[in-house]
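Biologist: Could you walk me through this structure at an easy pace? I would like to talk about its spaces, its cysteines and its strands.

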Amino acid sequence: MSPLAIFFLFLINSSLASNTNYNVQNYGAKSDGETDSSEAFLSAWSAACASTRSSTIYVPHGNYLIRNAYFNGKTCQSKAITIRIDGTLLAPSDYNVNSDDENWIKFEKVNGVSIYGGTFDGQGAGLWACKNSNNKNCPDGTTALSFYKSNNIIVSGVTVQNSQMFQILVDKCHNVKLLGVKVSAPGNSPNTDGIHVKLSSGVSIMNSQIGTGDDCISIGPGNSNLWIEGIACGPGHGISIGSLGWKKQELGVQNVTIKTVTFSGTTNGVRVKTWARPSNGFVRNVLFQHIVMVNVKNPIIIDQNYCPNHESCPHKGSGVKISDITYQDIHGTSATKVAVKLDCSKSNPCSGITLEDVNLSYNDHPAKASCVNVSGRVSGLEKPANCL
């Protein structure tokens with residue numbers, strides 16, 4: 001064998017040796033959709049986690065029933081674990097099975113985990129029916145796919161559907177990329193936020209399709225440096241920063257870009273919502289850009305008197321300071337006459353609000369704006385004299 005052939009053979013063997021593969025079926029997972037495969041998935045994770053090399057967990061085609069699974073990376077030796085899914089993971093259809101759990105599939109303290117493909121099906125219809133019947137004894141429900149205290153995460157080409165509660169949660173994480181994900185639940189499914197992000201930094205959500213019964217994307221307290229681009233939202237309640245300001249001591253939200261989004265038939269488009277309570281929270285340096293509204297009830301809204309059930313509302317004046325928010329190149333149709341509602345805090349007025357090239361119509365006429373306790377500038381839409 002020539003020296004060159006030996007060299008290439010060495011490269012191939014080195015590449016194969018550098019990545020160890022773990023097929024969940026080899027650990028007892030059954031693709032019949034009826035046998036609980038939780039332990040098999042956890043065993044595959046433990047093996048991949050213990051490897052000193054890059055590892056790949058593979059889920060072949062088929063339906064895999066998972067009661068719940070908690071993947072902890074605290075003691076992982078492998079610095080890069082890839083999970084490739086060709087199959088569908090199914091939660092129990094009986095919501096009582098996980099009634100005491102907050103999460104169905106949870107990753108905690110993991111670093112360098114990438115998930116490619118597959119479907120996570122929360123089978124939440126039974127719990128939604130319970131909640132929609134005004135039964136006070138329904139459990140809160142589980143979040144389908146959660147990441148806690150984790151870094152350097154990639155989720156690509158994944159479908160998450162029919163979660164009992166939130167579809168995807170990113171909590172206390174850094175450097176997370178959600179790429180080409182599809183999130184889906186019926187428009188009447190309660191509390192099924194598509195993607196909820198809180199206490200995190202460096203999160204990107206791109207080229208994704210989200211339809212659900214609550215916010216397509218919700219941004220909670222303590223977030224910074226978020227990039228959201230190329231989103232199709234609907235049905236749902238739009239993309240929301242908040243709700244914020246429930247706690248007096250609360251971390252703020254800053255440096256957020258939301259661009260190239262189409263909202264179709266949603267309750268809201270781009271929204272900032274805060275409770276009318278004392279708080280040291282803030283929202284600043286936010287850009288909403290290149291956005292299309294298609295028959296959206298509240299295309300642009302700041303609501304600092306947020307109180308969704310209109311019961312025991314605080315009415316104390318929101319302490320959350322909102323500043324330097326830019327709405328640029330936003331056009332389309334509103335389902336209501338007033339397309340822009342900026343209802344800011346009487347004790348902490350909004351400042352530095354810019355509406356630039358905003359062109360929204362209602363029944364083929366320019367839509368209107370309503371502004372309270374706001375300063376800034378506006379162009380491109382019909383507005384009352386006191387609006388910016």
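**Cavities, cysteines, strands and pockets**

Modeller: Let me start with an enclosed space: the second largest cavity is lined by Ala-276, Asn-305, Tyr-306, Cys-307, Cys-313, Pro-314 and His-315. Please keep in mind throughout that this is a predicted model.

Biologist: How much space lies in that second largest cavity, and how does its lining divide by class?

Modeller: About 30 Å³ of space lies in the second largest cavity, and its lining has 5 nonpolar and 2 polar residues, with no charged residues.

Biologist: I see two cysteines in that list, so what joins Cys-307 to Cys-313?

Modeller: A disulfide joins Cys-307 to Cys-313, with an S to S distance of 2.1 Å, and the link is left-handed, with -90° about the S-S bond. Cys-307 is also buried, its relative accessible area being 8%.

Biologist: Back to cavities for a moment: how many of 30 Å³ or more does a search of the whole structure find?

Modeller: The search finds 2 cavities of 30 Å³ or more, and the largest cavity holds about 120 Å³ of space. It is lined by 13 residues, of which Phe-41, Phe-71, Ile-83, Leu-89 and Phe-107 are the closest to its centre.

Biologist: Which elements give two or more residues to the lining of the largest cavity?

Modeller: Those elements are strand 3 (54-59), strand 6 (81-85) and strand 8 (103-108). By class, the lining of the largest cavity has 13 nonpolar residues, while there are no polar and no charged residues in it.

Biologist: Let's go on with the cysteines. How many disulfides does the count come to?

Modeller: The count comes to 5 disulfides, and one of them is formed by Cys-49 and Cys-76, whose sulfur atoms are 1.7 Å apart. Because Cys-49 lies in helix 2 (residues 38-50) and Cys-76 in the loop between strand 5 (69-72) and strand 6, the pair ties together parts that are 27 residues apart in sequence.

Biologist: Are Cys-49 and Cys-76 buried or exposed?

Modeller: Both Cys-49 and Cys-76 are buried, and their link is left-handed, with -110° about the S-S bond.

Biologist: What about Cys-344 and Cys-350?

Modeller: Cys-344 and Cys-350 form a disulfide in which the sulfur atoms are 2.0 Å apart, and this link is left-handed too, with -100° about the S-S bond. Cys-344 is buried at a relative accessible area of 2%, and Cys-350 counts as buried at 1% relative accessibility.

Biologist: Why is Cys-173 too far from the closest cysteine sulfur for a bond?

Modeller: A disulfide needs two cysteine sulfur atoms within 2.5 Å. The closest cysteine sulfur to that of Cys-173 is in Cys-76, and because it is 15 Å away, it is too far for a bond. Cys-173 counts as buried as well, at 3% relative accessibility.

Biologist: Changing topic, how many strands form the open sheet, and in what order?

Modeller: There are 11 strands in the open sheet, in the order 5-8-11-14-17-19-21-23-25-27-30, and the pairing is parallel. Strand 5 and strand 30 (368-372) stand at the edges with a single partner strand each, so one side of each is left without a neighbour in the sheet. On average, neighbouring strands of this sheet are turned by 15° against each other, direction ignored.

Biologist: Could you show me one pair of neighbours?

Modeller: Strand 21 (residues 239-244) pairs with strand 23 (residues 268-274) in the parallel sense over 4 bridges, and the bridge partner of Ile-239 in strand 23 is Val-270.

Biologist: Last topic, the pockets: how much space lies in the largest one?

Modeller: About 1,300 Å³ of space lies in the largest pocket, which is lined by 42 residues, with Met-165, Phe-166, Asn-191, Asp-193 and Ser-243 the closest to its centre. Among the elements that give two or more residues to this lining are strand 21 and strand 23, and the lining residues divide into 11 nonpolar, 16 polar and 15 charged.

Biologist: And what volume has the second largest pocket?

Modeller: The second largest pocket has a volume of about 280 Å³, and of its 18 lining residues Asn-268, Arg-271, Asn-298, Ile-301 and Asp-303 lie nearest its centre. Strand 25 gives the largest share of that lining, 4 residues.

Definitions and conventions. Residues numbered from 1 in each chain as written. Predicted model: local features only at pLDDT ≥ 70, side-chain atom pairs only at ≥ 80, totals over all residues. Heavy atoms only, no water. 1 Å grid on protein atoms, 1.4 Å probe; cavity = no way out; pocket = protein on both sides within 12 Å on 5 of 7 lines; lining within 4 Å. Points joined across faces, edges and corners; volume = space filled by probe spheres on them. Nonpolar A, V, L, I, M, F, W, Y, C, P; charged D, E, K, R; others polar. Buried < 20%, exposed > 50% of the residue type's maximum accessible area, 1.4 Å probe, protein only. Pairing = 2+ DSSP bridges. Axes fitted to C-alpha atoms, helices over the stretch in contact; angles between N-to-C directions.
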